[in-house]
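Colleague: Please take one part of this model and look at it closely: the place where helices pack against one another. I should like a connected account that begins with the residue at the centre of the matter and then sets the part within the whole.

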Amino acid sequence: MNYRLLGSTGIKVSEVGFGAWQLGNARDWDGMEDNHAIRLVHEALDQGCNFFDTAPNYGGGNSETLLGKALTGRRSEAVINSKFGHHPDNTLDFNSEKIRSSVENSLRRLKTDYLDSILLHNPPFEILTGSTDHFEVLESLKQEGKIRAYGASVDSAREMNELLRNTGSQVIEVMFNIFHQEPRRAFKLAAEKNVGLIVKVPLDSGWLSGKYDENSVFTDIRSRWDRKQLIKRAELLPVLKEMLEPGESLVQLALRYILYFQEVSTVIPGNKNLEQLIENLSASNQRISAEKVKKIEELWEEKLQADPLVVEKTKQSFWRF
């Protein structure tokens, strides 16, 4: 496993982290047994993965609880990132007066006395402008030692730019993958500000695993895709598969594309079983060529830039990643 610095925080993180949305989460994904979830975390640590991304609403708090159990006695080996805004009861509330209690509850579930980083979880756009007191509260928690760094989880370059220009964020989590490349427009500014980037949804919620086609039926969170989106994704997969090196999987290509960008500190694919975990972590073992990256960028520019699969949200609608 290779490691990178998380922006200016001084925290060293594994290039491939552990997205813990699926841990104990039967609400959005097929649930997994608690013992299996704990084994996955232990295996990740043993393989050199040290970055774990969770949130209070993942599995109604169960993701944090299971991660806390798994890290008992191994907390010093892990970098934990959690969030605020989407609550365990599945409500959405960004009232800044609730940040402190939310952090305290996350600390209790995670069985730790500090979070390495915490993010506002896809907040309304006006919060990203720095016009509210949210980042003042976060700075207070940082000064108290309850958190080491803070920022927000967002989906677009526009949101990234607001954060970078108007807040003291040290970390940003952003949706970025082969099918959603728009956020890279803000990568240069992030590097200039020395802000660490955590990349979420790197496999397009599993689509870039290559396991699905236009006839796939989903009953979990992926049921949000309409027929047009399924067909469009399916049409692009053969083009990507032609780019694979011998022995390389589509998952590895997708993650290596993201890790090509030095502005990225870590990428956080989800893990439902040991096979997925090992495949994800192995992406750090090799590099993608600049020529192949250019082909992937040209594919997006030609097929998706004008007609994106992910439309920027309004302030009334939110992704929960």
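Modeller: Two residues are taken to be in contact when they have heavy atoms within 4.5 Å of each other. The model is a predicted one, and the account starts from Ser106, which is found in helix α3. With residues up to four places away in sequence left aside, Ser106 touches Pro56, Glu64 and Ser82. The relative accessible area of Ser106 is 0%. Since a residue counts as buried under 20%, Ser106 is buried.

One of those partners leads directly to the helix packing. Glu64 belongs to α2, where Glu64, Thr65, Leu67 and Gly68 meet Ser106, Arg109 and Leu110 of α3. The axes of α2 and α3 come within 7 Å and cross at roughly 45°. That angle makes α2 oblique to α3. Sorted by class, the contact of α2 with α3 has two nonpolar, three polar and two charged residues.

Helix α2 (residues 62–70) also packs against helix α1 (residues 34–46), at an angle of about 60° and with the two axes 9 Å apart. These helices are therefore oblique to each other, and their crossing is right-handed. On the α1 side the contact is made by Asp34, Ala37, Ile38, Val41 and His42, and on the α2 side by Asn62, Leu66, Leu67, Lys69 and Ala70. By class, this contact has six nonpolar, two polar and two charged residues. Leu67 of α2 thus takes part in the contact with α1 as well as in the contact with α3.

The spacing of the α1 residues may be read with a general point in mind. An α-helix has 3.6 residues a turn, so residues three or four places apart point the same way. Among the contributors from α1 are Ala37, Val41 and Ile38, His42.

The segments that follow α3 also deserve attention. Lys111 is found in the loop between α3 (99–110) and β6 (117–121). Its phi is near 55°, a positive value in a residue other than glycine. Beyond β6, in the loop that leads to α4, lies Asn122, which has a positive phi of about 50° although it is not a glycine. Most residues other than glycine have a negative phi, and most peptide bonds are trans. The surroundings of the two residues may be set side by side: Lys111 is exposed, with a relative accessible area of 56%, whereas Asn122, at 0% relative accessibility, counts as buried.

Further along the chain, two helices illustrate enclosure. Helix α6 (residues 157–166) has seven of its 10 residues buried, so it is largely enclosed by the rest of the structure. Those residues are Ala157, Glu159, Met160, Asn161, Glu162, Leu163 and Leu164. What covers them includes the helices α4 (125–128), α5 (134–143) and α7 (187–192), together with the strands β7 (150–154), β8 (171–175) and β9 (196–200). Helix α9 (residues 250–259) has 10 of its 10 residues buried and is likewise largely enclosed by the rest of the structure. Charged Arg256 is one of the buried residues of α9, as are Gln252 and Tyr257.

A link between parts of the chain that are far apart in sequence is found at Ser8, in the loop between β1 (3–5) and β2 (12–14). The C-alpha atoms of Ser8 and Asn194 are separated by 5.6 Å, although these residues are 186 residues apart along the chain. Beyond four places in sequence, Ser8 touches Gln170 and Asn194. Ser8 is partly exposed, with a relative accessible area of 48%.

As for the whole, the protein has 11 helices and 10 strands. Buried residues make up 60% of its 321 residues. Of the contacts with a separation of 6 or more, 76% are accounted for by residues 24 or more positions apart.

Finally, a word on confidence. The mean pLDDT of the protein is 90, and 88% of its residues reach 70 or more. Over residues 312–321, however, pLDDT stays under 50, and for this stretch the model has 38 contacts beyond four places in sequence. Where pLDDT is low, the predicted coordinates should not be read in detail.

How values were computed: Residues numbered from 1 in each chain as written. Predicted model: local features only at pLDDT ≥ 70, side-chain atom pairs only at ≥ 80, totals over all residues. Heavy atoms only, no water. Buried < 20%, exposed > 50% of the residue type's maximum accessible area, 1.4 Å probe, protein only. Helix = DSSP H or I, 4+ residues; strand = E, 2+ residues; numbered from the N terminus. pLDDT = per-residue confidence, 0-100. Axes fitted to C-alpha atoms, helices over the stretch in contact; angles between N-to-C directions. Parallel < 35°, antiparallel > 145°, perpendicular 65-115°, else oblique. Left-handed = near helix turned anticlockwise from the far one by under 90°.
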